[in-house]
Amino acid sequence: MRETADVVIVGGGAVGASAAYHLADAGAGRILLLEREASLGTGSTRRCAGGFRHQFSSGINNELSLASVPLITGFTEQHGLPLDVDQDGYLFLVRTEPMWQSFLGALELQRSMGVAVEVLTPEGAAGLVPGIATEDMIGALFGPRDGIADPSGLTNGYATLARRAGAEIRTGVEVTGVRTHDGHVTGVFTRGGDIDVPVVVNAAGPWAGSLAATAGVALPLEPIPRQVAVTGPFPGAPKRRTLVIDADSTYYFHREGPGVLMGMGGGPDERASFDTRVDDAFIAEQVVPTALRIFPPIEQAGIATTWAGLYEMTPDRHPIIGPAPGVDGFLLANGFSGHGFQHAPIVGKLLAELVVDGRAHTVDIAPLSLERFAGGQPVRERHVI
Ligand SMILES: Cc1cc2nc3c(=O)[nH]c(=O)nc-3n(C[C@H](O)[C@H](O)[C@H](O)COP(=O)(O)OP(=O)(O)OC[C@H]3O[C@@H](n4cnc5c(N)ncnc54)[C@H](O)[C@@H]3O)c2cc1C
């Protein structure tokens, strides 16, 4: 007899684990999460900087954060499971007039939505994180409810909760395709045999495009490699775990252990690729010189660890969440464009609402449909690093 399930989730990163828990908890039937690697959270989730914030330029991203961040900060209290969370804020430093205007424009929207953001002078910013360069800074924006949490802790926490709620999680199982008939999902093909299932959630992270293609769905997703370096201890290492982002250069850092974790975008030279080898030249020639300019105390630090991971970028830097057009039962949760960890909690809940209630009601996800790319005018998120 062939195996059956009510919902199969493909991918065991933060998004898939949250979906498994929320679906099982909502009573969506037999939930099966399939992850091809030997353990959960080894994709983008493990390479992530762990930041969560409300300071986005688009209304829908702020809505997702307003709904998701409390699920991170309240995780331990709500579920009784440990999760490292530091709510020391996000601090955006701005050094050019166009960028300053862009942030002030977003500030109006953020405040109208109830997001807490403070406008700081360069001195005020340096008061929060001593050592940052203030000479050419126009000002800074501080989100006191933003912070950093542990991506693996959240993923494994949701996996534990999913199992307790009756979901089954299988690692080492690669899904090779989604089976459809007459525009409906009928199952998945895996290397371990086929499974009959009417609902499939695509939570395959940067690899979501090839899974979607097996159901005839084209996703506008690009995997973009991003480099991260973690330093050893140094005398001026920040005490707070505030995530500092220099908006114009995209250089960011936060305290990690006795040193800092840092990275930056690749600018116009960035190319889509699944290559996650560390780019030592980029770190030495781009990241380190920018670090010295923005946060001079780092001069006394040595680099202890480096890694690279993939952003899953959409053309408008917003995720694609909701039903795949033309394939009944195929749900998408993809393209988080560098902020999928922080939105994973609410996205899992929204997917459960879609399956159980037929529509997502906690957040209106209409602006996140795949259809927005077909001739519409997607609104670009400007404040993605
Ligand atoms: C350097 C870096 C820094 C980041 N910083 C932040 C940050 O500060 N804050 C934030 O919110 N986000 C951040 N992100 C983005 C965040 O990491 C991702 O958006 C998020 O982890 C996506 O989670 P996911 O579950 O969708 O994908 P993933 O974690 O990639 O999980 C997808 C899983 O699917 C599995 N899979 C794929 N195909 C198949 C298949 N066919 N069958 C079975 N399994 C399959 C993969 O093995 C993988 O485990 C960062 C990313 C990077 C690279």
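# Contacts, strands and domains under their definitions

Student: Which residues is His318 in contact with, leaving aside its neighbours within four places in sequence?

Tutor: They are Ser58, Ile60, Asn61, Ser337, Leu368, Pro378 and Glu381. Each is called a contact because the C-beta atoms of the two residues, placed from the backbone, lie within 7 Å. Residues are numbered from 1 along each chain as its sequence is written. The model is predicted, with local features needing pLDDT of at least 70 and side-chain atom pairs pLDDT 80 or more, while totals for chains, interfaces and linings use all residues.

Student: Why is His318 called buried?

Tutor: A residue is buried if 20 or more other C-beta atoms, placed from the backbone, lie within 10 Å of its own, exposed if 12 or fewer, and partly exposed in between. His318 has 24 such neighbours, so it counts as buried. His318 sits in the loop between β19 and β20 (320-323). Across the protein, 51% of the 385 residues count as buried.

Student: What makes β11 and β12 a pair, and in which sense do they run?

Tutor: Strands are DSSP runs of E with at least two residues, helices are runs of H or I with at least four, and both are numbered from the N terminus. Two strands pair if DSSP finds at least two bridges between them. Strand β11 (residues 175-181) and strand β12 (residues 184-190) have 6 bridges, in the antiparallel sense. One bridge joins Val175 to Thr190 in β12. Their hairpin has 2 residues between the strands, and Asp182 there takes a positive phi near 50°.

Student: How do you know that β5 and β9 pair, and what is the strand order of their sheet?

Tutor: β5 and strand β9 (residues 147-149) are joined by 2 antiparallel bridges, which meets the minimum of two. Asp86 has Ile148 in β9 as its bridge partner. The open sheet of 3 strands has the order β4-β9-β5 with antiparallel pairing.

Student: What makes β4 and β5 edge strands?

Tutor: β4 (51-52) and β5 (85-86) each have a single partner strand, so one side of each lacks a neighbour in the sheet.

Student: How is the protein divided into domains, and how many residues of each are in contact with the other?

Tutor: The domain assignment, automatic or from a database, gives domain 1 (3-49 + 151-219 + 316-373) and domain 2 (90-142 + 222-313). Their C-alpha centres lie 31 Å apart, and 13 residues of domain 1 are in contact with 10 residues of domain 2. The side of domain 1 that touches domain 2 divides into 5 nonpolar, 6 polar and 2 charged residues. In that count Ala, Val, Leu, Ile, Met, Phe, Trp, Tyr, Cys and Pro are nonpolar, Asp, Glu, Lys and Arg are charged, and the others, Gly among them, are polar.

Student: Which domains give residues to the shell around the ligand, and which residues come nearest?

Tutor: Domain 1 and domain 2 each give at least three residues to the shell. Of the 40 residues around the ligand, Gly11, Gly13, Gly43, Gly205 and Gly340 come nearest. A residue is near if its C-beta atom, placed from the backbone, lies within 6 Å of the molecule. The shell divides into 17 nonpolar, 17 polar and 6 charged residues.

Student: Why is the protein called as compact as a globular protein of its length?

Tutor: The globule rule is 2.2 Å times the number of residues to the power 0.38, and the radius of gyration is taken over C-alpha atoms. For 385 residues the rule gives 21 Å, and the radius of gyration is 21 Å, so the protein is as compact as a globular protein of that length.
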